[in-house]
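The following exercises invite you to read a structure step by step, each with a task and a worked solution. Please look at the sequence and the model before you begin.

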Amino acid sequence: MTSYKGARRTAAMEGGGFYNKNSAMQAAGISALLPLWERLIADVELDGGPLVIADYGSSQGRNSLAPIAIAIDRLRARTRPEMPIEVVHTDLPSNDYSALFETIQSDPASYLRANVFPSAIGRSYFDPIIPPDRVHLGWNSWTMQWLGAVTINAPDQFFPSFSKSEDVITALRQVQAADWRRFLEARSIELKRGARMLTGFPGRTSEGSGWEWLAQEIWGVIVDLGREGVLSEDEQFRLTVPTAPRLLDDIYEPFRDGVFSGLEIVSAGLIQVADPVWDAFERSGDATALASSHANMMRAFSGPTVSEVLADRQDREVVVNEIYERLALRLALSARPHQPYLAAVGLRKL
Ligand SMILES: C[S@@+](CC[C@H](N)C(=O)[O-])C[C@H]1O[C@@H](n2cnc3c(N)ncnc32)[C@H](O)[C@@H]1O
């Protein structure tokens, strides 16, 4: 494997615990992944321990607490109550690890129990980052939409998958296919024989991904700011968040012969994630609250990329704030449920 070291540095999530506080949509998706997770935990082949659970792309950790707690409790029920368990969280070097450790230590929903040993690794998961044959259970939620090694700029969209440019779409599909293979190959080295792994990331059908509303409104903000002379043409071009959803066909592609790199798919499907704030909006009619929740969710994952693109500007903070404030205003005027597709993939290491 050639190393991705030195490749484009993907910006991690908005720091200061902001992602933890503004990722209810991702948490709603995770709730929908839990039945598959429980099946994988029930089937994983166990040895005498210590058992190792890896959480790939943990960000600040809050959304990992529930799945990891379930895994610890179920694995102990299958073995012994004090079974030592290592929990290895991984993310990019720029991740907010203070927020992660603070969450593990202090959040009332933390999985921390006697004989549970958390640690963290700050390296991209497109290379092996845990020694071979170590991991019994792998968890990976809402990360594989991030492209691995290149920057793809779309001239006409914030999310490149909505671009009308054939060049952009072709490049995107090539990078996504390579990323998926590379992620699987690296995990295959780390997973023990009989291990199970769940990966859940934005999916799409041939009709769409469910991100159409948010994509259209944030691009509308960027076009407005361009028209007003706040953003240059070059900035508009580079304001592209390197993320994209996958089709089920993309997921199955490396597994055409059933097995890829010693891994087998035990389950793959698309889930439509429920909008976590829509019911409250229907009860209250408060479009501002709905809009602010979605705008903050967008900022939590895309804000650092936007900041990086505008890094040379003295007024960077003002412009970044302006982008997400205007997004909230537009969302309030066009309120509707945000119900994106989430691909849920269960894997077995042979
Ligand atoms: C939207 S957050 C998901 C966090 C959490 N797993 C959840 O479900 O809420 C995406 C995370 O993936 C991480 N990420 C993106 N590319 C990565 C890579 N190549 N290696 C490791 N982590 C990566 C980001 O830094 C970010 O923390």
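Two strands pair if DSSP finds at least two bridges between them, and helices (H or I, at least four residues) and strands (E, at least two) are DSSP runs that are numbered from the N terminus. This is a predicted model, in which local features need pLDDT of at least 70 and side-chain atom pairs count only at pLDDT 80 or more, while totals for chains, interfaces and linings use all residues. Residues are numbered from 1 along each chain as its sequence is written, and side-chain values use heavy atoms, with hydrogens and water left out.

**Exercise 1. The sheet**

Work out the order of the eight strands in the open sheet, and then identify its edge strands.

Solution. Start with the general idea that strands of a sheet pair through backbone hydrogen bonds, either parallel or antiparallel. Here the order is β3-β2-β1-β4-β5-β8-β7-β6, and the pairing is mixed. The edge strands, each of which pairs on one side only, are β3 (116-122) and β6 (259-260).

**Exercise 2. The neighbours of β8**

Find how many bridges join β8 to strand β5 and how many join β7 to β8, and locate bridge partners within these pairs.

Solution. Take strand β5 (residues 191-202) as the starting point: seven bridges join it to strand β8 (residues 341-349), and the two run antiparallel. Within β8, Ala343 is the bridge partner of Phe201. Next consider strand β7 (residues 263-272), which is joined to β8 by nine bridges and also runs antiparallel to it. Here Gly269 stands opposite Ala344 of β8, and Ser267 has Gly346 of β8 as its bridge partner. As a last step, look at the cover of β8, where seven of the nine residues are buried (under 20% relative accessible area, whereas exposed means over 50% and partly exposed lies in between, with a 1.4 Å probe and protein chains only).

**Exercise 3. The hairpin of β6 and β7**

Determine which residue in the hairpin of β6 and β7 takes a positive phi.

Solution. First establish the pairing: two bridges join β6 to β7, and these strands run antiparallel. Phe260 has Leu263 of β7 as its bridge partner. The hairpin has two residues between the strands, and Ser261 takes a positive phi near 50°.

**Exercise 4. Backbone features in loops**

Locate the cis peptide bond, and then describe the backbone of Asn115 and of Asp133.

Solution. The peptide bond from Gly49 to Pro50 is the cis one, with omega near -5°, and Pro50 has its place in the loop between α2 (24-43) and β1. Turning to Asn115, this residue is not a glycine, yet its phi is positive at about 65°; Asn115 belongs to the loop between α4 (97-106) and β3, where it is partly exposed at 31% relative accessibility. Asp133, likewise a residue other than glycine, has a positive phi near 55°, sits in the loop between β3 and β4 (135-141), and is partly exposed with a relative accessible area of 45%.

**Exercise 5. Two residues and their surroundings**

Decide whether Ala54 is buried or exposed, do the same for Asn20, and list what each one touches.

Solution. Ala54 is part of strand β1 (residues 51-56) and has a relative accessible area of 0%, so it counts as buried. Leaving aside neighbours within four places in sequence, the contacts of Ala54 (heavy atoms within 4.5 Å) are Val88, Ile130, Val135, Leu137, Gly138 and Trp139. Asn20, in helix α1 (residues 18-21), is buried because its relative accessible area is 10%. Not counting residues up to four places away in sequence, Asn20 touches Gln60, Gly61, Arg62, Ala99 and Thr103.

**Exercise 6. The ligand**

Identify which residues come nearest to the ligand, and examine its polar contacts, a term for pairs of N or O atoms within 3.5 Å.

Solution. Begin with the 18 residues around the ligand (each with a heavy atom within 4 Å of it), of which Tyr19, Gly57, Asn63, Asp91 and Ser141 come nearest. A polar side-chain atom of Asp91 is 2.5 Å from an oxygen atom of the ligand, and a polar backbone atom of Tyr125 is 3.0 Å from a nitrogen atom of the ligand. For Ser141, a polar side-chain atom lies 2.6 Å from an oxygen atom of the ligand. Finally, the ligand taken alone exposes 600 Å², of which the protein buries 99% (Shrake-Rupley method with a 1.4 Å probe).

Notes. Polar contact = N/O pair within 3.5 Å; in protein donor to acceptor, adjacent residues only side chain to side chain.
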